[in-house]
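Hi,

Here is the structure I said I would pass on. Have a look at it first, and my notes follow underneath.

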Amino acid sequence: FSTITWSSNTVNISITSPLLNTNTYYWKIKVRDNAGNWSEDSLIYVVKIDTIAPLSPSLVSPLNNSTTNQLNLTFIWNTVSDIGPAGIKHYELQISTDINFVIITSSAATASATASVTLSEGNYFWRVRAVDNIDNYSQFSATRSVIIDISVPTISGTDSSGNTDIVWRNSTKSGGYNVTFHDFGAKLKTAEYVVYTEKNLTGELRKNWTPIFTNLDQQNFVINWNIDFASLKDGGTNYVSVRVNDNLLQMATYYDIFFVKKDVTKPTLSNNMSAGSDPIWRNVNPGNIFDIDFYDLPVDGSKLSKIFIKSMRGTLLSGTTVYDWQENLDLTSLNTTFYITNFGIDFVNLFEGRNYISIKSSDTAGNFDILIDAFFVQKDTTAPTITKNSTWDEQQWYATSPFVDIDFTDNNSGSGVK
């Protein structure tokens with residue numbers, strides 16, 4: 001007690017000292033009676049005053065913005081020392097799904113610089129502060145986030161239900177396919193597609209796993225995408241499956257999300273008409289006499305759809321158009337790859353004279369082939385004319401035969417006088 005920090009006299013059994021600084025203090029007391037006699041000093045007591053908060057911890061693990069598929073996480077931070085004399089009592093860990101920690105999901109007090117906590121899937125924020133032995137609290141550390149993701153990526157979109165693209169195609173689908181990818185936890189990394197001729201990755205492999213996107217690191221991929229149409233089987237059905245990984249390499253495979261029906265082979269026409277023509281002059285519709293056979297391969301393709309006819313006055317689609325491509329037969333309902341039945345044409349609208357007939361055949365996928373000048377039809381429905389010239393008098397009697405002059409004429413476009 002060589003230096004007295006504070007002393008006081010009182011008749012009470014307690015006394016409040018003035019505000020003291022952080023330090024270790026020693027104190028004692030003695031008593032004086034009314035006669036002025038002093039007692040011996042009491043025992044010496046020690047009191048430690050600490051008003052200084054500990055230093056704020058710095059976080060170690062998990063790293064900020066990290067992702068994991070583990071539900072039990074170990075949180076680690078650096079130990080700190082207490083500037084005041086009280087010493088570190090423990091560390092307080094707070095975990096919340098709210099960056100402002102309005103609601104605390106989990107909290108823990110631990111004397112060590114680590115704590116293991118079991119959480120559910122979600123996006124979490126965490127921070128730590130130190131507490132000394134007289135409950136001075138440090139400032140909270142910086143806040144870090146960690147994502148727990150135990151779910152595989154998902155897909156959606158109008159073309160992801162397995163049976164949306166029912167149209168036969170002879171070229172790549174315009175606008176691509178609407179199959180979107182999603183992962184709201186670890187985020188998307190890669191996606192690939194594969195094509196087989198049968199369901200569930202069976203049949204013939206037409207296109208091995210091919211990237212749709214790589215190293216995306218986004219929650220969503222919503223851009224329409226297309227496939228390698230050239231690699232698809234011509235005829236039949238091509239089944240497309242996808243697989244997608246997130247950044248934790250959690251993978252999901254979705255089988256047969258859509259199929260593509262490809263047919264790029266055009267129909268063929270076989271002309272069985274004699275010398276490619278119909279040599280007979282006709283004044284009435286001859287009916288189903290025209291003999292051209294139609295075929296569409298492959299046999300598991302889109303099949304024959306329609307037959308069209310075009311009539312021209314000249315060869316090789318030249319001259320006046322009698323009638324343009326006019327649908328002659330609709331074969332869709334027959335669901336057939338061949339048609340070999342003789343057929344007729346629109347005779348009524350043909351011009352007088354020779355009409356050159358071209359034939360076009362199409363399949364359901366839109367492929368077509370044309371047989372130019374497959375045959376011609378010679379139409380003559382106008383009767384010849386008779387012209388009487390004035391070389392005799394029908395009211396006159398003749399003793400000898402008179403000279404009679406009568407002309408017989410057929411149109412230039414007709415078949416001629418027989």
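**Aromatic cluster**

Tyr177, Phe181, Tyr193, Phe213, Phe221, Trp225 and Phe258 are linked into a cluster by ring pairs. Before you read on, please keep in mind that this is a predicted model.

The count of aromatic pairs comes to 15. One of them is tryptophan 225 with phenylalanine 258: the ring centres are 5.9 Å apart and the planes sit at 55 degrees, so this pair is tilted. Why does that pair tie together parts that are 33 residues apart in sequence? Because tryptophan 225 lies in the loop between β16 (220-221) and β17 (237-246), while phenylalanine 258 belongs to strand β18 (residues 251-262). Both tryptophan 225 and phenylalanine 258 are buried.

**Threonine 180**

Next, a polar side chain you may want to click on. Threonine 180 is in strand β13, which covers residues 180-182. Is threonine 180 buried or exposed? Its relative accessible area is 8%, and the cut-off for buried is under 20%, so threonine 180 is buried.

Its side chain makes a polar contact with the side chain of serine 156 at 2.8 Å, and another with the side chain of histidine 182 at 3.0 Å. Leaving aside residues up to four places away in sequence, threonine 180 touches Thr154, Ile155, Ser156, Gly157, Phe221 and Val222. So serine 156 turns up both as a polar partner and in that list of contacts, and Phe221 is also a member of the aromatic cluster.

**Two open sheets**

There are two sheets to go through. One is an open sheet of 5 strands in the order β4-β10-β9-β6-β7, with mixed pairing. Its edge strands are β4 (66-68) and β7 (106-110), each pairing on one side only, and the twist averages 25 degrees from one strand to the next. Inside this sheet, strand β9 (residues 122-132) pairs with strand β10 (residues 144-148) in the antiparallel sense over 5 bridges. Phenylalanine 125 stands opposite serine 145 of β10.

The other open sheet is also built from 5 strands, ordered β20-β26-β25-β22-β23, and its pairing is mixed. Here β20 (278-282) and β23 (321-330) are the edge strands, and each pairs on one side only. From one strand to the next, the twist averages 30 degrees. Strands β22 (residues 304-312) and β25 (residues 353-363) run antiparallel and are joined by 8 bridges. Which residue is the bridge partner of isoleucine 307 in β25? That is serine 361.

**Charges over rings**

Two of these for you. Arginine 127 lies over the face of phenylalanine 140, at 3.8 Å from the ring centre. Lysine 379 lies over the face of phenylalanine 347, at 5.1 Å from the ring centre.

**Two distances along the chain**

Glycine 175 is found in the loop between β12 (168-169) and β13. With a relative accessible area of 55%, glycine 175 is exposed. Its C-alpha atom is separated by 92 Å from that of lysine 28, and those two residues are 147 residues apart along the chain.

Tyrosine 25 is in strand β1 (residues 23-27) and is buried, with a relative accessible area of 14%. The C-alpha atoms of tyrosine 25 and threonine 5 are separated by 8.8 Å, with their positions 20 residues apart along the chain.

Cheers

How values were computed:
Residues numbered from 1 in each chain as written. Predicted model: local features only at pLDDT ≥ 70, side-chain atom pairs only at ≥ 80, totals over all residues. Heavy atoms only, no water. Helix = DSSP H or I, 4+ residues; strand = E, 2+ residues; numbered from the N terminus. Buried < 20%, exposed > 50% of the residue type's maximum accessible area, 1.4 Å probe, protein only. Polar contact = N/O pair within 3.5 Å; in protein donor to acceptor, adjacent residues only side chain to side chain. Contact = heavy atoms within 4.5 Å. Pairing = 2+ DSSP bridges. Axes fitted to C-alpha atoms, helices over the stretch in contact; angles between N-to-C directions. Phe/Tyr/Trp six-rings, centres within 6.5 Å; stacked < 30°, edge-to-face > 60°. Lys NZ or Arg CZ within 6 Å of the ring centre and 35° of its normal.
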